[in-house]
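Visitor: I should like to learn how to read the packing of side chains in a model. Please begin with the nonpolar core and proceed to the aromatic rings.

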Amino acid sequence: MARFELFTDGACSGNPGPGGWAFVLRGPGITGDLEQSGGDTSTTNNRMEMLAVIRGLEALPGPSEVRLVSDSEYVVKGLKEWLDGWKARGWKTAAKKPVKNDDLWKRLDTLRQTHRLMPEWIRGHNEHPENTRCDAMAVAAIRAVRGG
């Protein structure tokens, strides 16, 4: 199984508001780093964080082992601690409330059936080079969806 590193970030101007997502993917068969970003005119920070991970995983060439590096505790804890319980409870929280962003969590759940994920949380805005790059791309995506 090929091994990759996936660095992700999401940003939002207002919450909700215009948002951006970005990832940097590194591994075999990729010359340099594969970088992608995009945005949405009305979204939340958590949705952009999740979409960055989803898009990065969708860019993989096949089943892979992935070191996922994110500054989103929501995404990392969701993947490591919460997702299996939500799924077992029919996409309900422990308090029996619907899981927020379940459409994206279901996509992540499907992707983790294909890939072996090793999520790792890092502190954002702490001079981590790939996180800084992803943040800059996500902020640029916000400007793009705003039209300037």
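Guide: In the largest nonpolar core, which has 27 residues, the members touching the most others are Leu-6, Met-50, Leu-57, Leu-79, Trp-105 and Leu-108. Such a core is a set of buried Ala, Val, Leu, Ile, Met, Phe, Trp, Tyr and Cys residues joined through side-chain atoms within 4.5 Å. Buried means under 20% relative accessible area, exposed over 50%, and partly exposed in between, with a 1.4 Å probe and protein chains only. The model is predicted: local features need pLDDT of at least 70, side-chain atom pairs count only at pLDDT 80 or more, and totals for chains, interfaces and linings use all residues. Residues are numbered from 1 along each chain as its sequence is written, and side-chain values use heavy atoms, without hydrogens or water.

Visitor: Which elements give two or more residues to this core?

Guide: They are β1 (2-12), β2 (17-26), α1 (45-58), β4 (64-70), α2 and α3 (102-114). Helices (H or I, at least four residues) and strands (E, at least two) are DSSP runs, numbered from the N terminus. The most comes from α1, with seven residues. Apart from this core lies another, of 10 residues, including Ala-11, Val-69, Ile-122 and Met-137.

Visitor: Which residues does Leu-108 touch, not counting those up to four places away in sequence?

Guide: Contact means heavy atoms within 4.5 Å. On that basis, Leu-108 touches Met-50, Val-53, Ile-54, Leu-57 and Leu-79, with residues up to four places away in sequence not counted.

Visitor: How many aromatic pairs does the structure hold?

Guide: Rings of Phe, Tyr and Trp (its six-membered ring) pair if their centres lie within 6.5 Å; planes under 30 degrees apart count as stacked, over 60 as edge-to-face and the rest as tilted. The structure holds five such pairs. One of them, Trp-21 with Phe-23, is stacked, at 6.3 Å centre to centre and 10° between the planes. Trp-21 is buried at 5% relative accessible area, and Phe-23 is buried at 0%. Trp-82 and Trp-86 form a tilted pair, at 5.7 Å centre to centre and 40° between the planes.

Visitor: Where do Trp-82 and Trp-86 lie in helix α2?

Guide: In α2 (residues 73-88) they are four residues apart, so about one helical turn separates them. Trp-82 is partly exposed, at 31% relative accessible area, whereas Trp-86 is buried, at 8%. Ring pairs link both tryptophans with Tyr-74 and Trp-105 into a cluster.
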